[in-house]
Amino acid sequence: MGAYCNEDFTLPSLNGFASSHNLRLLKHVHDNVHGNIYLDPLCVKFLDTEQFQRLRDLKQLGVTHMVYPGAVHSRFEHSLGVYWLAGEAVERLKNYHGLELGIDNFDVRTVRLAGLLHDVGHGPFSHMFEREFLPKVINGEKWCHEQMSAKVVDHIVDEHHIDVDSGMMRRVKEMILASSEFPQRNDAKEKCFLYDIVANGRNGIDVDKFDYIVRDCRACGIGCSFEFQRLMETMRVMGDEICYRAKDYLTIHKLFATRADLYRTVYTHPKVKAIELMIVDALLKANDYLQISSFIQDPSEYWKLDDTIIKTIETAPDEQLRESRDLILRIRRRDLYQFCNEYAVPKDKMENFKDVTAKDIVCSQKNGNVLLKEEDIAVSNVRIDLTRGRHNPLESINFFKDYESEEKFPIPDERISHLLPTSYQDMIVRVYSKKKELVAAVSEAFENFQLRTYGIKAQVHATPEKKKRRT
């Protein structure tokens, strides 16, 4: 692949017309999105560890490949993509501003390393492990993959005796946590704009999204008209934050709109959610025996947990795992939880909305031939937004008129187009029957719940009679 070189070697940017001689000294991989990705020696030390290589066994989109067969790409290739884009972004800022920002090689290597390592704390099946499984087994304790990434980074350094500056690693962890619920960023620090590159907690525009939006669209066969290159080429730093040209306002809106569209059509596809609900149930039934949730307590054990946990359950002979095995077998045979119906929460009800539960549906059942139980029903409360909940993410972004101007300013929606959305979040309630023969009863109870809650049937159409009769 290429020879390693000394630690002080500065990775040249292709935009800077790097010599082929320097590039030949670097290890490189060919990526199907970004082409050749050149790896600096420090990052190679982290990449060539079992903790990082684990990302090969974590699919980027969890179980989505069971609906979109091409979505088999992994967290490994995504992490390489973010590494590359993070380096390109900081190099472009360095080249554009010259000595003005004081960006040095230490900064460049730190941002690249943060891009490479930002996802090493992810659990099996993408966000499902963190958002659906763990909340049911850790009794209110807060946990996020960014925090685990920071712990795994420390473990890698200690386990493999990587000689790296402690200040660099502190900043790497701060950059990883910048957009999480537990940011450690201190705005009094110098060069705060560097923290906006990998995981932007300020306004959500970061190279993590640049990579996964393009990569996921390609893998799923969905067209992508968003061009991150335009933003990369025109961004500049003003007042210690990354700003964008005013004329690129709609390009940024397309970034968030494309992300929301992926959530609606791919990430939260009704059948994808049905499979997720089944895997969560399988993991819950296996948790006491396999102690799956205990892995999050120790980064030296956590790296052993990946998507292959399903194969472990599926092939184990233990009687304690029989119920979990049966659920996985149902998935293999496409005997999925049956989607009954869904509705979008009315705008005026969103602010005080509370997640709908199986108990809510059971309590809405009227007298009938079938007596539903909570374990017969699965409910998925889906939230789709433009990264900032009910708020417009573009309100947090500052723009500049042209390259000669020194003034930054926000742009309100009404100054751009009346066709842009006035609401920035959807909440969708979906109900599934775990047994085919109960579809009709569950569907009726769900309709009764809507009538009791809103006075109307909020669902767009009735559950098809053919589905209700399925046995």
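Visitor: In which sense do strand 1 and strand 2 pair, parallel or antiparallel?
Guide: This is a predicted model. Strand 1 covers residues 27–31, and strand 2 covers residues 35–39. Five bridges link the two strands, and their sense is antiparallel.

Visitor: How many residues does the hairpin between strand 1 and strand 2 run through?
Guide: Strand 1 ends at residue 31, and strand 2 begins at residue 35. A hairpin joins them, and the number of residues it runs through is three.

Visitor: Which residue in strand 2 is the bridge partner of V29?
Guide: V29 falls within residues 27–31, the span of strand 1. Its partner sits across in strand 2. That partner is I37.

Visitor: How many residues of strand 2 are buried?
Guide: Strand 2 has five residues and is mostly covered. Buried means under 20% relative accessible area. By that cut-off, the number of buried residues in strand 2 is four.

Visitor: How many helices and strands does the chain have, and what is its radius of gyration?
Guide: The chain holds 18 helices and eight strands. For 471 residues the globule rule gives 23 Å, and the chain comes close to that, so it is as compact as a globular protein of that length. Its own radius of gyration is 24 Å.

Visitor: What does the C-alpha trace span along its principal axes?
Guide: Three spans describe the C-alpha trace of the chain, one for each principal axis. They are about 75 × 60 × 40 Å.

Visitor: What percentage of contacts between residues at least 6 apart join residues at least 24 apart?
Guide: Start with the contacts in the chain between residues at least 6 apart in sequence. Then keep those that join residues at least 24 apart. The share is 73%.

Visitor: What share of the accessible surface belongs to carbon and sulfur atoms?
Guide: Of the 471 residues, 55% count as buried. The accessible surface of the chain comes to about 21,700 Å². The share of that surface belonging to carbon and sulfur atoms is 48%.

Visitor: How far apart are the mean positions of the positive and negative charges?
Guide: The chain has 66 positive and 72 negative charges. Take the mean position of each set. The two means are apart by 6 Å.

Visitor: How many residues of strand 6 are buried?
Guide: Strand 6 has nine residues, 377–385. It is largely enclosed by the rest of the structure, because so many of its residues are buried. The number is seven.

Visitor: Over how many bridges do strand 6 and strand 8 pair?
Guide: Strand 8 covers residues 425–433, and eight of its nine residues are buried. Two pairs show the match with strand 6: A378 has Y432 as its bridge partner, and V379 stands opposite V431. The strands are antiparallel, and their bridges number nine.

Visitor: Which residue of strand 8 does A344 stand opposite?
Guide: A344 is within strand 5, residues 338–344. Strand 5 and strand 8 run antiparallel, joined by six bridges. The residue opposite A344 is I428.

Visitor: Is E130 buried or exposed?
Guide: E130 is found in helix 6, residues 128–133. Beyond its close sequence neighbours, it touches H122, P135, W143, C144, H145 and E146. Its relative accessible area is 15%. Under 20% means buried, so E130 is buried.

Visitor: Which strands stand at the edges of the open sheet ordered 3-4-7?
Guide: The sheet has three strands and mixed pairing. Each edge strand has a single partner strand, so one side of each is left without a neighbour in the sheet. The edge strands are strand 3 and strand 7.

Visitor: Which residue of strand 7 does R245 stand opposite?
Guide: Strand 4 covers residues 241–245 and runs parallel to strand 7. Two bridges join them. R245 stands opposite F400.

Visitor: What is the relative accessible area of D240?
Guide: D240 is in the loop between strand 3 and strand 4. Its phi is near 65°, a positive value in a residue other than glycine. D240 is partly exposed, and its relative accessible area is 29%.

Conventions. Residues numbered from 1 in each chain as written. Predicted model: local features only at pLDDT ≥ 70, side-chain atom pairs only at ≥ 80, totals over all residues. Heavy atoms only, no water. Buried < 20%, exposed > 50% of the residue type's maximum accessible area, 1.4 Å probe, protein only. Pairing = 2+ DSSP bridges. Rg over C-alpha atoms; globule rule 2.2 N^0.38 Å. Contact = heavy atoms within 4.5 Å. Areas by Shrake-Rupley, 256 points an atom, 1.4 Å probe, with all protein chains shown as cover. Lys, Arg positive; Asp, Glu negative; His and termini not counted. Charge placed at Lys NZ, Arg CZ, Asp CG, Glu CD. Lists of a residue's contacts leave out its neighbours within four places in sequence.
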